[in-house]
Amino acid sequence: DIQALNLVSLALRSQLVFELCRPHLLTHSFFLVWEQVDKPIMQKVCMECMDFCVLAAGDNLFLTGHDAVGAYNTLTGKLQYEQEPKSSMVTQRHVQKIDPCVWLSEAALWCHWTHTGTVESLKTSQVLLIKAEHFVKQLNRSDNKVIR
């Protein structure tokens with residue numbers, strides 16, 4: 001968190017956070033449509049549901065068997081996704097490099113999701129987290145034009 005942001009008005013802070021998140025969200029068709037339908041709610045979602053996370057080399061973004069906390073959009077760095085036959089529907093160990101601008105764990109936004117693989121950062125990386133619990137609350141708002 002940047003302390004100076006606490007000195008600006010909530011409206012300006014909300015606009016700044018939205019502008020930081022917006023280019024990354026618009027790589028997904030759902031958010032592209034949402035912005036056209038209800039930009040004010042999407043701006044509120046950015047304030048309440050988004051976190052930028054930095055991972056050092058060797059850090060795990062998520063682990064096999066753990067409940068998902070949300071969806072991730074990879075922004076910078078290099079990640080590796082690994083699945084094993086004992087925990088997912090693969091017949092042999094599967095390893096995939098993840099480049100920037102890839103969505104991970106998206107299912108967590110739409111249902112209860114348990115990870116079937118592990119993601120590890122191969123070098124310093126940044127991801128945008130959309131916190132599922134907060135996201136669902138925003139979708140269920142009575143004034144949400146996207147769902148209604």
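## Exercises: cysteines and charged pairs

At 28% relative accessibility, Arg22 counts as partly exposed in this predicted model. Let's put that residue, and a few others, to work.

**Exercise 1.** Find out which residue pairs with Arg22 in a salt bridge, and which helices the two lie in.

*Solution.* Start with the general idea: side chains of opposite charge can pair when their charged atoms come close. Here the partner of Arg22 is Glu35, and their closest N and O atoms are 2.4 Å apart. Next, look at where they sit: Arg22 is in helix α1 (residues 10-25) and Glu35 is in helix α2 (residues 29-37), so the pair ties together parts 13 residues apart in sequence. Finally, check Glu35 itself: with a relative accessible area of 8%, Glu35 is buried.

**Exercise 2.** Work out whether Cys46 is in a disulfide.

*Solution.* First, recall that a disulfide is a covalent bond between the sulfur atoms of two cysteines. The cut-off to use is 2.5 Å between the sulfurs. Now take the nearest cysteine sulfur to Cys46: that of Cys21, 4.3 Å away. That's outside the cut-off, so Cys46 is in no disulfide. In fact, the structure holds zero disulfides.

**Exercise 3.** Say how far apart in sequence Lys44 and Glu48 are, and describe their contact.

*Solution.* Both residues lie in helix α3 (residues 39-49), four residues apart, or about one turn of the helix. Their closest N and O atoms are 2.8 Å apart, and the two form a salt bridge. As for exposure, Lys44 is partly exposed at 29% relative accessibility, and Glu48 is partly exposed at 34%.

Technical notes: Residues numbered from 1 in each chain as written. Predicted model: local features only at pLDDT ≥ 70, side-chain atom pairs only at ≥ 80, totals over all residues. Heavy atoms only, no water. Salt bridge = Lys/Arg side-chain N within 4 Å of Asp/Glu carboxyl O. Buried < 20%, exposed > 50% of the residue type's maximum accessible area, 1.4 Å probe, protein only.
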